[in-house]
Amino acid sequence: MGFGDLKSPAGLQVLNDYLADRSYIEGYVPSQADVAVFEAVSGPPPADLYHALRWYNHIKSYEKEKASFFSSLPGVKKALGKYGPANVEDTTGSGATDSKDDDDIDLFGSDDEEESEEAKRLREERLAQYESKKAKKPALVAKSSILLDVKPWDDETDMAKLEECVRSIQADGLVWGSSKLVPVGYGIKKLQIQCVVEDDKVGTDMLEERITAFEDYVQSMDVAAFNKI
């Protein structure tokens, strides 16, 4: 279990894949798990690892809070190898709480530090502010841009009618975009059409089922391109 070496491209790729459908390392709120992994990353991940970069920037935005905020996060900071996918070998050698170097550069303070009444009051105020902001912040809607290839039966298929049938498919979270006819040979043209979908509401399986239901016009449907937005 673990992410491997988070200072290497391979380790960052594992982290990126792990965060593709997660907001935090564990659970649905920041925790000591995020602190442990954040401390193990040497800097911002590359821009193409956008899930890892999103998470890194989000956690880093609270860095200025340090002990007054992060020491209040739930959970107990464990060895780095205790987090992440189960099928990755832990190559870190020691966890975030076991490393002397980590102790020397602890960004967020220790749970064992004694707090004054003033520090406790500030921590509770900032935690309340954070929860309030989080409650007001709209949830991020994951979307994808999909390019579909819709093939007719032959060169006599009415392509205008075929496109009309495809665009007649309506669903919450589905928006049709531009389209064009692309020659495929022997006088046959396929319909290439763009759409944007909300990932939680519309999938390619649903689109294929609905489009190929127009069997008088449609022979098959393929996904030509799929990109997260």
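Exposed means over 50% relative accessible area, and buried means under 20%. Those two terms run through this briefing on a predicted model. The protein chain has eight helices and four strands. Buried residues make up 38% of its 229 residues.

**Overall layout**
- Along the sequence, the elements of the protein chain follow the pattern α-α-α-α-α-α-β-α-β-β-α-β.
- Take the contacts in the protein chain with a separation of 6 or more: residues 24 or more positions apart account for 68% of them.

**The two sides of helix H1**
- Helix H1 spans residues 9-18.
- Gly11, Leu12, Leu15, Asn16 and Tyr18 are buried in H1.
- These buried residues lie on the same side of H1, because they cover an arc of only 165° around the axis.
- Pro9 and Ala10 sit on the other side of H1, where they are exposed.
- The buried residues of H1 pack against two helices, H2 (32-40) and H3.

**How H1 meets H3**
- Helix H3 covers residues 50-60.
- H1 and H3 pack at an angle of about 85°, and their axes are 7 Å apart.
- Angles of 65 to 115 degrees count as roughly perpendicular, so H1 and H3 are roughly perpendicular to each other.
- From H1, the contact uses Leu12, Leu15 and Asn16.
- From H3, the contact uses Tyr50, His51, Ala52 and Trp55.
- The residues of this contact divide into five nonpolar, two polar and no charged.
- Leu12, Leu15 and Asn16 thus appear in two roles: they are buried in H1, and they meet residues of H3.

**Aspartate 149 in strand S1**
- Aspartate 149 lies in strand S1, which runs over residues 143-152.
- Its relative accessibility is 9%, so aspartate 149 counts as buried.
- The cut-off for buried is under 20%.
- The side chain of aspartate 149 makes a polar contact with the side chain of glutamine 192, at 2.9 Å.
- Leaving aside neighbours within four places in sequence, aspartate 149 is in contact with Lys190, Leu191 and Gln192, among others.
- Its contacts also include Ser220, Met221, Asp222 and Ala224.
- Glutamine 192 therefore features both in the contacts of aspartate 149 and in its side-chain polar contact.

Conventions: Residues numbered from 1 in each chain as written. Predicted model: local features only at pLDDT ≥ 70, side-chain atom pairs only at ≥ 80, totals over all residues. Heavy atoms only, no water. Axes fitted to C-alpha atoms, helices over the stretch in contact; angles between N-to-C directions. Parallel < 35°, antiparallel > 145°, perpendicular 65-115°, else oblique. Contact = heavy atoms within 4.5 Å. Nonpolar A, V, L, I, M, F, W, Y, C, P; charged D, E, K, R; others polar. Buried < 20%, exposed > 50% of the residue type's maximum accessible area, 1.4 Å probe, protein only. Polar contact = N/O pair within 3.5 Å; in protein donor to acceptor, adjacent residues only side chain to side chain. Arc of directions from axis to C-beta.
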